[in-house]
Amino acid sequence: MKLAESIVGWHDEITQIRRDIHQHPELAYEEVRTAGLVAQLLESWGIPTVTGLGVTGVVGTIKGQKDNGRAVGLRADMDALPMQELNSFSHASQHQGKMHACGHDGHTAMLLAAAKHLAHYRDFEGTVYVIFQPAEEGHGGAKAMIDDGLFDRFPMDAVFGMHNWPGIPVGSFGLTAGPIMASSNTFGVHIEGKGAHGAMPNLGADPIIAAVQIVQSLQTIITRNRDPLDPAVLSVTQIHGGSADNVIPTDADIRGTVRTFTNEALDLIESRMKSVCEQTAAALDCKATLDFQRRYPPTINSEAETEFCASVMQHIVGADNVLRDITPSMGAEDFAFMLEHKPGCYVWIGNGSGEHRMDGHGMGPCMLHNGSYDFNDELIPLGGTYWVELARRWLANPTC
Ligand SMILES: [Zn+2]
Ligand SMILES: [Zn+2]
């Protein structure tokens, strides 16, 4: 493995920073301490820093030896999750009900390591923007930063993201061109009927029957309308209605989630859902209203930048440790918003099997969003090196 010696030398220092952030997890748009720490470190390394972009986002500007007119963005996320940590090691969360269970503490640390190297050596041409975003976990911090002028104030030609991935061995990366994570969407269907005595259904219009038929019919969108080669999930996860055994209620509600890898599938599913809900209800003398909320778009890696990232990885860890065409995840990621504006690539860095966790960790697997997850500090030199190599090579190669 060809690691940046500088970052290997700073491994302990950056590990301390990572664990400090882990101990002080902050939820979406509340990353005041974390953002403050990031800004203070960047400034201390001679990196001019803007704070408060998208509420608590931070951007550092690192200029190379010469301005070649090119600029690249490297992005990490900073927020924690509203869940209880089960680990008992010394750097476990000090805040009840808040935890870095997705490794964003590690993402922040790896990008800090790279920023320190790039500012120290300035061994590149062009400009690197290091982007520390808030609120990735369901609250669209990437979009908030874009809406707040991220790409206008810091014009860049491409943007790159990285997430740790438990289950992929340490020392390996995974990536794929095209969709790597799904769009995330929620929906609610409100069905209005006409209440009646449970023994006299003929006097009402039953919203429960309408709800049940809508749930059944919604699945036909996936099996009969969607292109079978374009994966999608439609899950009804809640049905609510009624309050007594002998009363037909006046209304009922359905809720659920839709995941797709393309906007085409999403457009189709949303429009078919509207027809199915409204017309099924109408056939049963009820009225249905669909409220469809698009949360995160699909995360779609551009071809050229994916190929480029694979070559950077190959240089560092060797071709055998670059898992190309990795199976995408039906999870979602708000880096998708950045990739809607700029070419770029979002990759996974292997976090290992969980063996890195010391005695006294919690229970269960080391998967993301698990109460006994911990970011693997072994990745810091590798992740930092990846960022440095990526930035240097991308800025040097105008054909990409
Ligand atoms: Zn997460
Ligand atoms: Zn995450």
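**Group meeting: a walk through the model**

Let me begin with glycine 52, which comes out partly exposed, at 39% relative accessibility. This is a predicted model, by the way, so please hear everything I say in that light. Glycine 52 belongs to strand β1, which covers residues 49-53. Which residues does glycine 52 touch, leaving aside its neighbours within four places in sequence? That would be Gly57 and Asp148. There is also proline 134, 82 residues away in sequence, with a C-alpha to C-alpha distance of 9.9 Å from glycine 52.

Okay, let's zoom out to the whole protein. You can count 11 helices and 16 strands here. The radius of gyration is 24 Å, close to the 21 Å the globule rule gives for 400 residues, so the protein is as compact as a globular protein of that length. If you like boxes, the C-alpha atoms fill one of roughly 80 × 50 × 40 Å along the principal axes.

How much of the protein is buried? Buried residues make up 56% of the 400. As for the outside, the exposed area is about 16,300 Å², and carbon and sulfur atoms supply 50% of that. Now the contacts: take those with a separation of 6 or more, and 81% of them come from residues 24 or more positions apart. Keep that number in mind, since a few of the pairs I'll show you are far apart in sequence.

Next up, charges. On the side chains we have 28 positive and 48 negative, and the centres of those two sets lie 3 Å apart. Side chains of opposite charge can pair when their charged atoms come close. How many salt bridges does that give us in this model? The count comes to 19.

Let me pick out three of them. Number one is arginine 18 with aspartate 374, where the closest N and O atoms are 3.0 Å apart. Arginine 18 sits in helix α2, residues 11-23, while aspartate 374 is in the loop between β16 (344-352) and α11 (379-396), so this pair ties together parts that are 356 residues apart in sequence. Are these two residues buried or exposed? Arginine 18 is buried, with a relative accessible area of 0%. Aspartate 374 counts as buried too, at 3%. And this pair has company: Arg18, Arg19, Asp105, Asp374 and Asp377 are linked in a network of salt bridges. If you have the structure open, have a look at that group.

Number two is arginine 75 with aspartate 77, and here the closest N and O atoms are 3.8 Å apart. The cut-off is 4 Å, so this one makes the list. Arginine 75 is buried, with a relative accessible area of 1%, and aspartate 77 is buried at 1% as well.

Number three is arginine 294 with aspartate 267, and the closest N and O atoms are 2.8 Å apart. Arginine 294 lies in strand β13, residues 287-296, and aspartate 267 in helix α8, residues 263-283, so a strand and a helix get tied together across 27 residues of sequence. Arginine 294 is partly exposed, at 40% relative accessibility, and aspartate 267 is partly exposed too, at 41%.

Now for some backbone. Which residues have a positive phi without being glycine? Among them is alanine 135, with phi near 55°. You'll find alanine 135 in the loop between β4 (125-133) and α5 (141-147), and it is buried, with a relative accessible area of 0%. Then there's aspartate 325, also with a positive phi of about 55°. Aspartate 325 is in the loop between β15 (322-323) and α10 (335-341). That residue counts as exposed, at 66% relative accessibility. So what we have is one buried case and one exposed case.

Last stop: tryptophan 45. Where is it? Tryptophan 45 is in the loop between α3 (32-44) and β1, and β1 is the strand that holds glycine 52, where I started. At 16% relative accessibility, tryptophan 45 counts as buried, since the limit for buried is under 20%. Not counting residues up to four places away in sequence, tryptophan 45 touches Glu13, Leu112, Lys116, Ala119 and Arg122. Take alanine 119 from that set: it is 74 residues from tryptophan 45 in sequence, yet their C-alpha atoms are 6.6 Å apart.

That's my tour. Happy to rotate the model if anyone wants another look.

Notes. Residues are numbered from 1 along each chain as its sequence is written. Chains are lettered from A and ligands numbered from 1 in the order in which they are written. This is a predicted model: local features need pLDDT of at least 70, side-chain atom pairs count only at pLDDT 80 or more; totals for chains, interfaces and linings use all residues. Side-chain values use heavy atoms; hydrogens and water are left out. A salt bridge is a side-chain nitrogen of Lys or Arg within 4 Å of a carboxyl oxygen of Asp or Glu. Helices (H or I, at least four residues) and strands (E, at least two) are DSSP runs, numbered from the N terminus. Buried means under 20% relative accessible area, exposed over 50%, partly exposed in between (1.4 Å probe, protein chains only). The radius of gyration is taken over C-alpha atoms; the globule rule is 2.2 Å times the number of residues to the power 0.38. Contact means heavy atoms within 4.5 Å. Accessible areas come from the Shrake-Rupley method with a 1.4 Å probe; for residues, only the protein chains shown count as cover. Lys and Arg count as positive and Asp and Glu as negative; His and the chain ends are not counted. The place of a charge is taken as NZ of Lys, CZ of Arg, CG of Asp or CD of Glu.
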